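Colleague: Could you walk me through this one? I'd like to start with the overall picture and then get into the packing.

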Amino acid sequence: GAQFDKEGNLNKWWLDEDYEAFEEKQKEMIALFDGVETEAGPANGKLIVSENIADQGGITAALTAAKDEKDVDLKAFFSQWAKIWRMKASKEFQQMLLSIVHQKIVLKFGNQVLLQSSKTKSNSLNTHF
């Protein structure tokens, strides 16, 4: 990411103002997820911020591409995206996941939180996943 260059070395390569803007966006993402209750306990927004930023980038890119299609079905788009993140897991497994970077998997409404944070709103988001 932001702190590593194209060779993977720890190297400051962003402009100061760009990095400061990134830090502010990162704080917003942390606040969005921090403390979200799951069946296994509250999420740690700081621990999962990099995964959530990557997911936000992915969904934004996919949505941008989908909207270029003349027959796009946004309800199907969001429903399918939510379905790929479904999983069954024991409470113990979910609690273990809460202690690692991939804890977003156990967020009961994690994907809805991410979608609701998107500036792109549509009536298709009223669907329950």
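Modeller: Sure; buried means under 20% relative accessible area, exposed over 50% and partly exposed in between (1.4 Å probe, protein chains only). It's a predicted model, where local features need pLDDT of at least 70, side-chain atom pairs count only at pLDDT 80 or more, and totals for chains, interfaces and linings use all residues. Residues are numbered from 1 along each chain as its sequence is written, and side-chain values use heavy atoms, leaving out hydrogens and water.

Colleague: What share of the protein is buried?

Modeller: There are 129 residues in the protein. The buried part of them comes to 32%.

Colleague: What pattern do the helices and strands follow along the sequence?

Modeller: We're counting DSSP runs, numbered from the N terminus: helices are H or I, at least four residues, and strands are E, at least two. That gives 5 helices and 2 strands. Read along the sequence, the pattern is α-β-β-α-α-α-α.

Colleague: At what angle do helix 1 and helix 2 pack?

Modeller: Their axes (lines fitted to C-alpha atoms over the stretch in contact, with angles from 0 to 180 degrees between N-to-C directions) are 10 Å apart. The angle between helix 1 and helix 2 is about 100°.

Colleague: Why call helix 1 roughly perpendicular to helix 2?

Modeller: Angles under 35 degrees count as roughly parallel, over 145 as roughly antiparallel, 65 to 115 as roughly perpendicular and the rest as oblique. Helix 1 and helix 2 pack at about 100°, which makes helix 1, relative to helix 2, roughly perpendicular.

Colleague: Which residues of helix 2 does helix 1 meet?

Modeller: Contact here means heavy atoms within 4.5 Å. From helix 1 come F22, Q26, M29, I30 and F33. On the helix 2 side they meet V49, N52, I53 and Q56.

Colleague: And how are helix 2 and helix 3 oriented, roughly parallel or roughly antiparallel?

Modeller: Helix 2 (residues 49–67) and helix 3 (residues 74–84) have axes 11 Å apart and an angle of about 155°. That makes the pair roughly antiparallel.

Colleague: Which residues of helix 3 take part?

Modeller: Helix 2 brings I59, A62, L63 and A66. Their partners in helix 3 are L74, F77, F78 and W81.
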